[in-house]
Amino acid sequence: MTSPTRTVLERCIFCKITTGQDPNASIVYQNERICIFKDIRPAAEHHLLAVPKYHLDDVRSLTAAERPLLEEMRTELGNVLKDQYQIDLSEALFGFHIPPFTTVKHLHMHGMGPVGSMGFLSRMIFRPNTMWFNTDKAVLDRILPASQDETTQ
């Protein structure tokens, strides 16, 4: 279960971005729970990352309690891609790298598009539902709904 205290790690670059300590980050959207910014190594014409404003290591640390957070990350990434970058969401890709294939140990959802702008290597690195990258839907499907999670404990 998620700890009631929501920590921010001093050495985590994504924690620094969410707290405004990285002046080089290109933040495009934030609210009290999540922060969305441009990926420094874009794999598509528009490549964004959504992160929680508290530290979660990766998709393996997720519980049913984080379902609403993941759903919000996906919704807001889609809104930003559509509204700020005019990306048709049928041409977008959303998902997570699976450990050990993560470069930053802070949960982050990729949102990018159009998929047609991705090069060959990017298409391999972000190939949906492989051992190294899973779509948001695949990750959500593995997390029990909160009511089921509570009854199994």
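**A guided reading of the chain**

Read from the N terminus, the elements of the chain follow the order α-β-β-β-α-β-β-α-β-α-α, that is, five helices and six strands, where helices (H or I, at least four residues) and strands (E, at least two) are DSSP runs numbered from the N terminus. The model is a predicted one, in which local features need pLDDT of at least 70 and side-chain atom pairs count only at pLDDT 80 or more, while totals for chains, interfaces and linings use all residues. Residues are numbered from 1 along each chain as its sequence is written, and side-chain values use heavy atoms, with hydrogens and water left out.

The overall dimensions come next. For 153 residues, a compact globule would be expected to have a radius of gyration near 15 Å, and the chain agrees with this because its value is 15 Å; the radius is taken over C-alpha atoms, and the globule rule is 2.2 Å times the number of residues to the power 0.38. Along the principal axes, the C-alpha atoms fill a box of roughly 45 × 35 × 30 Å. Of the 153 residues, 48% count as buried, with buried meaning under 20% relative accessible area, exposed over 50%, and partly exposed in between (1.4 Å probe, protein chains only). Among the contacts with a separation of 6 or more, 60% are accounted for by residues 24 or more positions apart, a contact being heavy atoms within 4.5 Å.

The surface can be described in similar terms. The accessible surface of the chain comes to about 8,500 Å², and 53% of it belongs to carbon and sulfur atoms; these areas come from the Shrake-Rupley method with a 1.4 Å probe, and for residues only the protein chains shown count as cover. The chain carries 16 positive and 18 negative side chains, and the centres of the two sets lie 5 Å apart. In this count Lys and Arg are positive and Asp and Glu negative, whereas His and the chain ends are not counted, and the place of a charge is taken as NZ of Lys, CZ of Arg, CG of Asp or CD of Glu.

We turn now to the interior. In soluble globular proteins, nonpolar side chains tend to be buried together. A nonpolar core is here a set of buried Ala, Val, Leu, Ile, Met, Phe, Trp, Tyr and Cys residues joined through side-chain atoms within 4.5 Å. The largest such core has 27 residues, of which Ile36, Leu48, Leu62, Leu70, Met73 and Phe96 touch the most other members. At least two residues of this core are supplied by each of strand 2 (34–38), strand 3 (46–52), helix 2 (67–85), strand 4 (93–97) and helix 4 (136–142), and helix 2 gives the most, with seven residues. Apart from this core lies another, of nine residues, which include Cys12, Ile17, Phe37 and Val51.

Phe96 shows how distant parts of the sequence meet: leaving aside its neighbours within four places in sequence, Phe96 is in contact with Val59, Leu70, Met73, Leu107, His108, Met109, Trp132, Phe133, Asn134, Asp136 and Val139. His46, which is found in strand 3, is likewise buried, with a relative accessible area of 18%. Not counting residues up to four places away in sequence, His46 touches Leu81, Tyr85, Ile87, Gly111, Met112 and Gly113.

Gly113 also takes part in a backbone feature, for the peptide bond from Gly113 to Pro114 is cis, with omega near -10°, and Pro114 lies in the loop between strand 5 and helix 3 (120–125). Another cis peptide bond runs from Pro99 to Pro100, with omega near 10°, and Pro100 belongs to the loop between strand 4 and strand 5 (109–113). Gln86, in the loop between helix 2 and strand 4, has a positive phi, near 55°, although it is not glycine, and counts as exposed because its relative accessibility is 61%. Asn129 is a non-glycine residue with a positive phi near 55°; Asn129 sits in the loop between helix 3 and strand 6 (133–135) and is partly exposed, at 47% relative accessible area.

Toward the N terminus, Leu9 lies in the segment before helix 1 and is partly exposed, with a relative accessible area of 40%. Leu9 touches Cys15 and His55, not counting residues up to four places away in sequence.
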